[in-house]
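Me: I have a model open and I'd like to learn how to read its helices and contacts. Could you walk me through it?

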Amino acid sequence: MADSKPKPKIRKDAVPMPKQNPKARAKNFNEVALGYTREQALEEANRCLQCAKPQCVSGCPVEIDIPAFIKLLKEQKCAEAIAEIKSKNVLPAICGRVCPQEDQCQQCCIVGKVGEPVNIGRLERYLADWEREQGFTIPEKAQPTGKKTAVVGAGPAGLTAAAELVKLGHEVTMLEALHLPGGVLIYGIPEFRLPKSIVRAEVNYIEKLGVKLRLGNMVGRTNTIPEVIKNGIDAVFIGSGAGLPQFMGLPGENFGGIYSANEFLIRVNLMKAYAFPEYDTPIRIGKHVVVIGGGNVAMDSARSALRLGAEEVCIVYRRSRKELPARKEEIENAEEEGIVCKFLAAPLRFISDEKGWVKAMECICMELGPPDESGRRRPIPIKGSEFIMDTDTVIIAIGRTPNPIIQRTTEGLEVTKWGTIIADENGKTSLESVYAGGDIVTGEATVISAMGAGKTAAKAIHEYLMKKK
Amino acid sequence: MKAKPGQFIILMIGEKGERIPLTISDFDARKGTVSCAFHEVGKTTKKLGLLNEGDYVETVTGPLGNPSEIKNYGKVLCVGGSVMIAPLLLQVKTMREAGNSVTTVLGARIKDVIMLEDEAKAMSEKVYVATDDGSKGYQGLDFLKDLLKKEKFDHCVAMGPVVMMKTVSEITKPYGIPTVVTLTPIMIDGMGMCGVCRVTVGGKMQFGCIDGPEFNGHKVDFDGLIQRQRIFLPEERLNSVLWEIGGCACGRQ
């Protein structure tokens with residue numbers, strides 16, 4: 001890897017991602033980003049300087065050897081390149097699409113100091129898609145250890161932990177409460193950003209590794225953690241995520257037409273309400289949709305509403321554009337499609353028609369004060385600035401908190417006052433043989449940080465199991 | 001199998017089906033089975049009614065929700081309406097096993113919908129029947145006011161249509177009889193994720209699926225609940241009618 005001299009004709013900006021045109025895509029659920037062609041991937045790969053001391057790796061929560069896989073790609077050794085990625089990350093087609101690379105690996109990229117960083121995410125996606133088209137190769141597994149593990153929740157954290165554990169030779173059973181595996185990847189992130197067929201393919205791969213999947217098993221109700229352990233499981237990983245929607249506690253929040261983002265996205269993604277009545281779950285989209293919040297979930301909700309036929313979709317966010325927590329790419333995509341953002345405003349109450357359906361929302365304007373504990377400037381209401389916004393559909397996307405069922409039904413499992421499970425840096429909880437990771441420990445975060453936690457915990461579980469006789 | 005009285009299941013009839021909650025009305029731990037009674041009102045329940053013994057549904061998840069608090073209260077009044085009479089009788093049975101003396105009220109719109117009367121009689125100290133139209137037993141639930149004047153009850157369980165539970169709660173409130181109602185709001189996942197089952201109890205937002213399904217009847221905002229239950233009525237009716245018209249083509253899965 002001594003090839004550190006930049007070649008002369010290297011472009012400063014990244015090779016742009018081919019996308020569906022905004023007008024067309026605002027009316028369909030097909031994937032927006034189409035993926036690099038081989039030529040585009042090679043051109044982008046050539047922008048990598050193959051640094052002797054690569055910074056990008058330190059920005060990756062699962063420590064993919066980024067220069068190594070890019071070098072293999074440059075040499076057109078796609079099979080070896082994807083094998084290099086997969087030795088660290090079992091869900092590359094998903095991460096290549098939904099990781100906030102701009103805040104992670106790409107933020108540390110040296111090329112980024114003089115131009116745009118190498119678009120590592122797009123290269124990861126290119127290789128993962130290439131492999132899926134070829135058919136997966138199943139890596140060799142370690143000798144069976146005879147140890148049995150259970151993984152609670154088939155989302156990003158759980159899928160990663162399960163894959164790591166099975167590769168190390170342990171028996172793994174995943175317990176998933178919903179009727180489909182994938183967690184937030186299947187119920188939360190919409191088709192146009194992450195096609196469900198890709199989630200299915202990556203989950204299939206994990207099943208092919210030997211992981212057993214049990215659907216419709218809600219741990220805490222169907223069975224509890226202590227019962228799972230009593231039934232001969234040597235270690236448990238809890239990756240049950242942050243699934244509980246938050247509401248604002250405002251008057252009128254229970255009116256018809258007001259959804260939590262979770263309800264809205266579950267109806268659309270998991271239950272396929274966009275195909276009602278072929279699918280039985282309905283959704284009703286009005287003409288003037290308002291989405292409250294500024295994160296990726298808000299963007300996903302707004303863009304879904306637009307695709308379901310809303311005439312106008314407005315995102316109401318209490319801070320300014322600068323503080324929007326959503327990925328820049330997703331904000332750009334949303335605005336290109338015609339979604340409007342109303343900054344520095346917050347709802348006060350909802351107003352309904354005579355049938356109890358929302359028809360308007362009273363808001364108040366905000367100004368930004370000094371930074372709060374999150375480091376972002378605190379929004380302060382401006383007295384007398386109240387105004388009324390007409391709306392017939394409101395989607396509340398202000399965050400999710402951990403589901404409390406497992407904590408309530410597992411004696412001795414220590415939790416924080418926010419309901420997250422307390423775990424050390426290796427995912428070890430207050431209970432012997434019980435580990436946890438992902439949103440259930442950190443609160444709502446990213447897919448990749450959950451995967452990183454799943455991986456770390458799997459390592460710790462392995463050490464624990466091998467020490468235990 | 002660890003079902004307990006008061007809990008429910010979520011059922012999905014086919015791959016394209018909706019997820020609906022059904023209250024558990026009986027279970028057999030040894031066989032690993034649960035029983036649920038349902039009214040054929042929408043597409044899912046109508047299709048469910050067409051299934052034969054041995055047929056399969058796509059998914060059953062459960063038991064979900066918090067179990068009932070069954071203990072010796074003393075004298076318990078159990079009021080059940082229409083299809084919820086079935087799970088009510090499970091309450092009657094377990095309340096009696098816990099040492100309570102149980103008076104049971106079976107209510108329905110018309111006499112044809114009154115069910116399980118003999119079973120109720122076999123398990124209860126006393127059984128009253130009431131119908132909205134007076135075609136059997138008392139007309140309406142007003143007779144309960146007289147009953148409560150005469151007899152003292154320590155606890156009340158009401159399961160049935162929201163309007164019925166609201167009426168029962170209003171009648172028991174002046175007597176200070178703790179009244180537990182089982183709410184059946186719209187649900188999707190049934191495990192706390194979507195919040196569609198939110199209901200106001202004592203001025204606080206609660207989720208029917210994970211905070212309930214049983215709540216203090218004297219604190220529930222029943223009118224709000226009724227409004228929320230009707231949110232998707234047009235779509236539900238449309239889907240049911242569409243299915244009936246095209247019935248045979250996509251009927252049994």
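What follows is a short talk through a few helices and two single residues.

Me: What should I know before I start?

Reply: This is a predicted model, where local features need pLDDT of at least 70, side-chain atom pairs count only at pLDDT 80 or more, and totals for chains, interfaces and linings use all residues. Residues are numbered from 1 along each chain as its sequence is written, chains are lettered from A and ligands numbered from 1 in the order in which they are written, and side-chain values use heavy atoms, with hydrogens and water left out.

Me: Which residues of helix α4 of chain A are buried?

Reply: First, the idea: an α-helix has 3.6 residues a turn, so residues three or four places apart point the same way. In α4(A), residues 78–86 (helices are DSSP runs of H or I, at least four residues, and strands of E, at least two, numbered from the N terminus), the buried ones are C78(A), A81(A), I82(A), I85(A) and K86(A). Buried means under 20% relative accessible area, with a 1.4 Å probe and protein chains only. They cover an arc of only 135 degrees around the axis (taken from the directions from the axis to the C-beta atoms), so they sit on the same side of α4(A).

Me: And why is α3(A) called largely enclosed?

Reply: Because eight of its nine residues are buried. Those buried residues pack against α2, α4 and α6 of chain A, where contact means heavy atoms within 4.5 Å. Q76(A), which follows α3(A), has a positive phi near 60 degrees.

Me: How do I describe a helix pair?

Reply: Two packed helices are described by the angle between their axes and the distance between the axes. In chain B, the axes of α5 (residues 162–172) and α6 (residues 222–229) come within 10 Å and cross at roughly 180 degrees. Axes are lines fitted to C-alpha atoms, for helices over the stretch in contact, with angles from 0 to 180 degrees between N-to-C directions. That makes α5(B) roughly antiparallel to α6(B), a label for angles over 145 degrees.

Me: Is H179(A) buried or exposed?

Reply: H179(A) is buried, at a relative accessible area of 9%. This residue lies in the loop between β2 and α8 of chain A. Its side chain makes a polar contact of 2.7 Å with that of R19(B); the term means a pair of N or O atoms within 3.5 Å, and within protein one must be able to donate a hydrogen and the other to accept it, while residues adjacent in sequence count only if both atoms are side-chain atoms.

Me: Where does A93(A) lie?

Reply: In helix α5 of chain A. A93(A) counts as buried, at 0% relative accessibility.

Conventions:
Buried means under 20% relative accessible area, exposed over 50%, partly exposed in between (1.4 Å probe, protein chains only). Angles under 35 degrees count as roughly parallel, over 145 as roughly antiparallel, 65 to 115 as roughly perpendicular and the rest as oblique.
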